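Visitor: Please show me the model. I have some questions about it.

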Amino acid sequence: MGKIINMRTNEIILDDLQTADTFLTRFRGLMGVKAISKNMGLRIAPCNSVHCFFMRFPIDVIFLDKQNQVIHIQKNMKPGSISPIIKKAKSVIEANADTLSNVLELGDKLAFYD
């Protein structure tokens, strides 16, 4: 479990960040999960596109480059939808809809702490 801080504002964005960095955890992601808490998110790496098949709730998806800078924000992805492929993305963060998209901007740099 970790947390994310927006370096532009020095605010904690999420304080319960899980990581999916193996084939199985990346494949599973949030599929089949009924709900997640307000301050919980999932970081998937490597990743440059996501789908919301078999998901039960909408999510925000933040795409990060190799310097953990926000390069694309996919707001309020509905179950069953597919994001575009963001070629320069190296990882994504998924969280409840309107959690990340309301506090992050393109160009924000994020820091991750355990």
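Visitor: Where does Gly32 lie?
Guide: This is a predicted model. Apart from neighbours within four places in sequence, Gly32 contacts Phe54 and Arg56. Its place in the chain is the loop between H1 and S3.

Visitor: Does Gly32 count as buried, partly exposed or exposed, and why?
Guide: The relative accessibility of Gly32 is 37%. Buried needs under 20%, and exposed needs over 50%. The value falls in between, so Gly32 counts as partly exposed.

Visitor: What separates the C-alpha atoms of Gly32 and Ile44?
Guide: Gly32 and Ile44 are twelve residues apart along the chain. Ile44 is also one of the residues nearest the centre of the largest pocket. The C-alpha separation between Gly32 and Ile44 is 16 Å.

Visitor: Which helix gives the largest share of the lining of the largest pocket?
Guide: The pocket has a volume of about 240 Å³. Its lining counts 15 residues, with Arg26, Phe27, Ile44, Val50 and His51 nearest the centre. Four lining residues come from one element, residues 23-28: helix H1.

Visitor: How many residues of that lining are nonpolar?
Guide: The lining of the largest pocket includes three polar residues and three charged ones. The nonpolar residues number nine.

Visitor: Which strands give two or more residues to the largest nonpolar core?
Guide: This core has 18 residues. Leu30, Ile59, Val61 and Val92 have the most contacts inside it. Two elements give two or more residues: strand S3 (40-44) and strand S4 (59-64).

Visitor: How many residues are in the other core?
Guide: This core lies apart from the largest one. Among its residues are Ile4, Leu14, Ile62 and Val70. The count is twelve.

Visitor: Which residues is Val61 in contact with, leaving aside its neighbours within four places in sequence?
Guide: Val61 is one of the residues with the most contacts inside the largest core. Val50, listed among those nearest the pocket centre, is one of its partners. The full set is Val50, His72, Ile73, Gln74, Met77, Val92, Ile93 and Glu94.

Visitor: Is Thr99 buried or exposed, and why?
Guide: Thr99 sits in the loop between strand S6 (91-96) and strand S7 (110-113). Beyond four places in sequence, Thr99 touches Leu14, Lys38 and Asp60. The cut-off for buried is under 20%. Thr99 has 19% relative accessibility, so it counts as buried.

Visitor: Which backbone oxygen lies 2.9 Å from a polar atom of the Thr99 side chain?
Guide: Thr99 lies in the loop between S6 and S7. The backbone oxygen at 2.9 Å belongs to Asn96.

Conventions:
Residues are numbered from 1 along each chain as its sequence is written. This is a predicted model: local features need pLDDT of at least 70, side-chain atom pairs count only at pLDDT 80 or more; totals for chains, interfaces and linings use all residues. Side-chain values use heavy atoms; hydrogens and water are left out. A nonpolar core is a set of buried Ala, Val, Leu, Ile, Met, Phe, Trp, Tyr and Cys residues joined through side-chain atoms within 4.5 Å. Buried means under 20% relative accessible area, exposed over 50%, partly exposed in between (1.4 Å probe, protein chains only). Contact means heavy atoms within 4.5 Å. On a 1 Å grid over the protein atoms alone, a cavity is a set of points where a 1.4 Å probe fits but cannot get out, and a pocket is an open set with protein on both sides within 12 Å along at least five of seven lines; lining residues have an atom within 4 Å of a point. Grid points are joined across faces, edges and corners, and a volume is the space filled by probe spheres set on the points. Ala, Val, Leu, Ile, Met, Phe, Trp, Tyr, Cys and Pro count as nonpolar, Asp, Glu, Lys and Arg as charged, and the others, Gly among them, as polar. A polar contact is a pair of N or O atoms within 3.5 Å; within protein, one must be able to donate a hydrogen and the other to accept it, and residues adjacent in sequence count only if both atoms are side-chain atoms.
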